[in-house]
Amino acid sequence: MTKTKITEANIRDRIAANLDLIEQGLTLVETEFHLPNRQGASGFLDIFARDAADKLVIIEIKRTDAAAREAIQELYKYVPLLRERFLVKTTDVRLILLSVEWHELATPYAEFAASAPFEVTAGAIILDVNGIPVAIKPIIPAALSSERKIGVRHFLWGFPDEATAAKAVAVIARRVQRFGLTDFVLIQSRATKPILGRRSFLYFAQRELRFEDYMALIEASFTEDQLDEFRENIADLTELEDRVAEASDAVWHLHGGVPYHEIGADTAEIAHPEKGGIWFENGAQEDIVVHRFGRFVDPWLEDQTIIDEIRGEGGESDFRLRFSARTDSPPQMAALLQRVENIFFFNDAWLGAVSQLVRYAERKGGPVRIELIAYSPEDILRAIAASAFGFPGYVPTFRLDIEHNGTVERFIGLPEWDGSPPDFDKLFAEHFSGDSFGYFIACHFGENRSMNRDIMTDLGLRYGVFREGESGPERVRVQGASIVPVRGAIRSINLMIHEHQEEVGKLVEIFMTIDQGFAKTIQTFVNSDHNIAERQLAKMLESEHSPTDEMYWSGDITDCNICGQPFAPMRFMIDAIFQGGVGANVCALCFLQEGRGIGTGRGQVYEASAKGWRHIAG
């Protein structure tokens with residue numbers, strides 16, 4: 001007697017007659033349900049059903065790996081076809097994928113389930129010896145390989161010379177690979193800053209693994225006692241990112257880490273995206289060589305892309321972000337919103353405002369380009385202390401550009417002051433038990449970020465959002481598809497500092513006395529060539545007559561036309577005329593070196609203000 005061949009149709013009909021094999025409460029609507037399409041891409045649903053909640057259920061049946069390859073493509077087209085025929089919402093529809101074989105289907109299904117805009121489940125069809133379906137085993141989507149992301153924990157070694165640094169690369173790589181890490185980079189460079197003696201350095205960064213992957217490496221090497229201690233240490237960490245960072249550190253220290261004396265280094269320190277942002281800032285390093293390992297050996301992945309991501313500009317940093325997206329690219333927009341949530345995690349004011357601005361851009365229709373540059377350290381006390389010296393490097397800010405049909409709308413985020421007099425003695429008493437050192441302890445453990453909003457409230461500060469206009473910035477809010485101006489005087493942190501210099505001086509003294517890193521940064525800034533030039537120009541302006549009319553520079557300028565230095569942190573911008581009648585917007589340093597003096601046809605000086613660059617001389 002010839003054995004009957006079991007086909008997909010046989011399996012489909014048996015399951016359709018026994019829908020309880022899939023789940024209780026399913027009722028059959030029809031098998032081979034036809035979904036026509038006016039464009040010709042019609043489809044037939046293997047099984048069309050309703051569940052106990054009366055949702056529509058599309059069930060796709062596959063028997064072999066060869067047939068399974070088509071399953072995902074077919075599922076993608078069914079929901080649009082169903083929506084074309086019926087008035088259904090995405091939440092009204094469920095998809096169930098069933099297959100006998102899952103070798104070819106497991107990975108594409110995991111990708112599909114992770115990104116599908118509708119509910120998707122799957123099951124493995126269990127057949128008896130006669131090929132009859134007797135059970136369906138739920139399929140759990142396989143863990144996906146995560147996209148490239150630089151981990152937040154970095155390391156930096158200093159060497160007396162280039163040869164010693166180059167020799168250390170292979171030694172460090174072997175040690176790191178022994179930890180179980182395969183994808184990483186070692187960036188060799190020579191520092192240009194005189195204070196670092198133009199020495200050679202190696203900067204280490206790794207591809208971030210999933211927490212489960214780090215734990216597998218830890219469990220394979222730790223003793224039971226060490227494992228219990230590690231689990232106890234991370235028990236109070238509520239955020240996955242923090243647990244991943246701690247697990248990353250634990251893996252790094254397996255087998256003793258990389259002792260600096262073994263590789264010929266004379267300094268070693270922990271780094272992170274924020275430090276990487278400073279370390280690899282423009283011109284800070286030269287003779288850069290990116291040594292790649294594992295999947296970083298990729299000809300399509302540029303060195304500068306890796307360095308930008310180490311700096312935290314790809315979304316790796318909790319403080320710093322530079323990212324652009326187009327509204328007609330769903331992956332880019334999803335990545336943008338994820339990065340917005342990450343950088344403004346502790347800043348609900350800007351999280352809401354920037355998220356609304358993104359939706360505002362999406363409502364414009366057509367392709368819109370969005371670029372976001374943000375810095376959100378959630379450390380307002382450090383920002384105030386640094387601003388007292390004119391250093392803006394710690395001030396939280398964002399700039400969001402929306403480009404549509406050749407026109408750019410620019411929105412800016414900056415802290416605002418409501419005019420309340422600050423009281424730092426009271427603030428430290430209420431938040432740090434009167435001990436100013438308690439603030440620095442809180443910073444060490446990251447606790448200051450969750451406290452920052454309350455501290456700002458006590459100081460009369462809030463996060464403001466402004467739109468750049470021809471007459472200067474105006475405070476705004478987003479209301480649906482409209483940008484609504486918000487009335488009221490605009491007061492900056494600098495105004496608070498100017499009006500309460502003695503009180504702010506208390507805060508400055510604390511930082512300059514206790515925080516050596518802060519003091520060093522400020523001293524370097526105060527003694528920088530650009531800052532000295534601005535002080536010299538300010539002295540020259542004392543003998544100049546101020547214009548009687550209030551006028552502001554019209555137009556968008558960002559960098560000095562000669563040296564390329566950003567104007568953002570500077571006090572002065574000069575519209576200068578050089579030899580040969582060439583005009584340029586320049587910084588104070590270039591003006592003093594190359595300019596022809598202040599006056600008509602030579603140079604007009606503008607000073608930064610809340611309304612923009614104000615004409616003050618010439």
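## Reading the labels in a predicted model

Author: Let's start with K539 and E542, whose closest N and O atoms are 3.8 Å apart in a salt bridge. Do keep in mind that this is a predicted model.

Reader: What makes the contact of K539 and E542 a salt bridge?

Author: The cut-off asks for a Lys or Arg side-chain nitrogen within 4 Å of an Asp or Glu carboxyl oxygen. The 3.8 Å between K539 and E542 lies within that 4 Å, so the name applies.

Reader: And why are K539 and E542 called exposed?

Author: Exposed means over 50% relative accessible area. K539 has 57% and E542 has 60%, so both carry that label.

Reader: How do you know that D183 and R295 form a salt bridge?

Author: Their side chains come to 2.9 Å, N to O, and the limit is 4 Å, so the pair counts. The two residues belong to distant parts of the chain, 112 residues apart: D183 sits in the loop between α5 and β8, and R295 in the loop between β11 and α10.

Reader: Is D183 buried or exposed, and what about R295?

Author: D183 has a relative accessibility of 7%, so it is buried. R295, at 56%, is exposed.

Reader: What makes E503 and K506 about one helical turn apart?

Author: Both lie in helix α18, and they are separated by about one helical turn because they are 3 residues apart in it. They also form a salt bridge, with 3.2 Å between the closest N and O atoms. E503 is buried at 16%, whereas K506 is partly exposed at 33%.

Reader: Why does R311 count as buried?

Author: Buried means under 20% relative accessible area, and R311 has 13%, so the label fits. R311 is in the loop between α10 and β12, and it touches P273, G276, G277, F280, E281 and R320, leaving aside residues up to four places away in sequence. With G277 there is a polar atom pair: the backbone oxygen of G277 is 2.6 Å from a polar atom of the R311 side chain.

Reader: Why is I441 called partly exposed?

Author: Partly exposed covers the range between 20% and 50%. I441, in helix α15, has 38% relative accessibility, so it falls in that range. I441 also belongs to a nonpolar surface patch of about 380 Å², together with F437, F445 and I514.

Conventions
Residues numbered from 1 in each chain as written. Predicted model: local features only at pLDDT ≥ 70, side-chain atom pairs only at ≥ 80, totals over all residues. Heavy atoms only, no water. Patch = residues over 30% accessible without salt bridge, like charges linked within 9 Å, V, L, I, M, F, W, Y side chains within 5 Å. Areas by Shrake-Rupley, 256 points an atom, 1.4 Å probe, with all protein chains shown as cover. Helix = DSSP H or I, 4+ residues; strand = E, 2+ residues; numbered from the N terminus. Buried < 20%, exposed > 50% of the residue type's maximum accessible area, 1.4 Å probe, protein only. Polar contact = N/O pair within 3.5 Å; in protein donor to acceptor, adjacent residues only side chain to side chain. Contact = heavy atoms within 4.5 Å.
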